[in-house]
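This report walks through one model, from single residues to the whole chain. Please keep the sequence and the coordinates at hand.

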Amino acid sequence: MGGLILGSVYALGAVGVTLVFGILRFAHFAHGDMMTASAFFAFMLAGLCAAWGISLPIPLVLALLPVVMVLTSLFAIGLDKAFYKPLRDRGARPVVLVMASIGVTLMMQGLIRLFAGTGSRDMYFNAPKEIFRIPTGGRPIVITEPQIALIALTVLSVIALHFFLTRSRLGKAMRAVSDNPDLARVTGIPLETVVKATWVIGGSLAAIAGTMLAMDVQLKPDLAYNILLPIFAAAILGGIGQPYGAIAGGYLIGFAETLSIFNLSVILRPFQSWLPEGVDLPTNLALVQTEYRLVVPFFILVVVLIYRPTGIFKGRVF
């Protein structure tokens, strides 16, 4: 279950990263901090509603998610107009845009800490987080309310994105720009509209991932900073510039990371009696300790870049 949860967060983040790269041709390192900013938008709106005495049968943060998606989309478009568009208009190379995105990352982290401090916050105002235990005959499966919402929203987002990219006129225009921007410009496709749509989709998915992640754990200024590497690893593994590959890569990275820290002794304990006397199974047979779990996506990222830089879905090469 942990792999499914992590994979959903990585997939939503990786789609935004891969769309920006496919349309604008640069790696947006500030995407993780956009996820964090969206969670703070949700926290502030939910706090205002709670202060006004508004109470709903579902968590306030979850009910306000559509508003948060709109705010994050506008925030993403604002970042583009303030920092990236002036560089594009001057013909800046992609590496310059990458360096600009790193600067935006540092700026956003500083601003978040300046206004929100460095402490952790609980995203639940009107009721505590619900925890469900699904009996399996042995150890029950534990799943929380935001995890269920995250999985459901990820499925809906993937379906909506598929229909948008394959059926809508704007979605087809985005695919055309991603395949050949020069040809798309000659055929009269409005590039600025495509760019705005890219930031809207990336911002909306970042809002879902960031808000649901904050609900499941706690809201911190570095909420999405540590998952930026797995998100990029997912985008590259699936094929940079390929939205469907980003989704597949997100789940592959999520399950790989979860399985790497799984204690295999739990499975091998029933076979303890088969071992010679005096030989005991180690208490922890995990491939990687929990505190080093980020080594797994980094290792996968390096292997993919060396042996298959186009990824699973044969995307672009950096």
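Is R185 buried, exposed or partly exposed? R185 is partly exposed, with a relative accessible area of 48%. The cut-off for exposed is over 50%, so R185 stays in the middle class. The model is predicted, and every value below is computed from it.

**Salt bridges**

R185 has a charged partner. D182 forms a salt bridge with R185, with 3.1 Å between the closest N and O atoms. Both residues sit in helix α8 (residues 181-186). They are three residues apart there, which puts about one helical turn between them. An α-helix has 3.6 residues a turn, so residues three or four places apart point the same way.

The count of salt bridges comes to four. The table gives three pairs, including the one just described.

| Pair | Closest N to O | Relative accessible area |
|---|---|---|
| D80 and R88 | 2.6 Å | D80 3%; R88 22% |
| D89 and K85 | 3.1 Å | D89 55%; K85 24% |
| D182 and R185 | 3.1 Å | R185 48% |

How far apart in sequence are D89 and K85? They are four residues apart, about one turn of the helix, and both lie in helix α4 (residues 65-89). Their side chains meet in a salt bridge at 3.1 Å, N to O. D89 counts as exposed at 55% relative accessibility. K85 is partly exposed at 24%.

The pair of D80 and R88 joins two other classes. D80 counts as buried, because its relative accessibility is 3% and the cut-off is under 20%. R88 has a relative accessible area of 22% and is therefore partly exposed. The side chains of D80 and R88 meet at 2.6 Å, N to O.

**Helix α10**

Which residues of α10 are buried? They are L228, P230, I231, F232, A233, A234, A235, I236, L237 and G238. That makes ten of the eleven residues of helix α10 (residues 228-238), so the helix is largely enclosed by the rest of the structure. Just after α10 comes G239, with a positive phi of about 115 degrees.

V17 contacts this helix. Leaving out residues up to four places away in sequence, V17 touches H31, I231, F232 and A235. Of these partners, I231, F232 and A235 are among the buried residues of α10. V17 itself belongs to helix α1 (residues 2-24). V17 is buried, with a relative accessible area of 1%. The C-alpha atoms of V17 and M174 are 14 Å apart, and 157 residues separate the two along the chain.

**Two further sites**

Q147 is found in helix α6 (residues 145-167). Is Q147 buried or exposed? Q147 is buried, at 13% relative accessible area. Outside the residues up to four places away in sequence, Q147 touches I5, V142 and D216.

Y244 is found in helix α11 (residues 243-260). Y244 is partly exposed, with a relative accessible area of 34%. What does Y244 contact beyond its neighbours within four places in sequence? The partners are H162, L165, T166 and F313. The C-alpha atoms of Y244 and L161 are separated by 9.5 Å, with their positions 83 residues apart along the chain.

**The whole chain**

How many helices and strands are there? The protein has 13 helices and two strands. Its C-alpha atoms fill a box of roughly 75 × 55 × 40 Å along the principal axes. The radius of gyration is 21 Å. A compact globule with 318 residues would have a value near 20 Å, so the two agree.

Of the 318 residues, 45% count as buried. Long-range contacts are part of the picture too. Among contacts between residues at least 6 apart in sequence, 74% join residues at least 24 apart.

The protein exposes about 16000 Å². Carbon and sulfur atoms supply 68% of that area. The charge tally is 23 positive and 15 negative side chains. The centres of the two sets lie 11 Å apart.

Technical notes: Residues are numbered from 1 along each chain as its sequence is written. This is a predicted model: local features need pLDDT of at least 70, side-chain atom pairs count only at pLDDT 80 or more; totals for chains, interfaces and linings use all residues. Side-chain values use heavy atoms; hydrogens and water are left out. Buried means under 20% relative accessible area, exposed over 50%, partly exposed in between (1.4 Å probe, protein chains only). The radius of gyration is taken over C-alpha atoms; the globule rule is 2.2 Å times the number of residues to the power 0.38. Contact means heavy atoms within 4.5 Å. Accessible areas come from the Shrake-Rupley method with a 1.4 Å probe; for residues, only the protein chains shown count as cover. Lys and Arg count as positive and Asp and Glu as negative; His and the chain ends are not counted. The place of a charge is taken as NZ of Lys, CZ of Arg, CG of Asp or CD of Glu.
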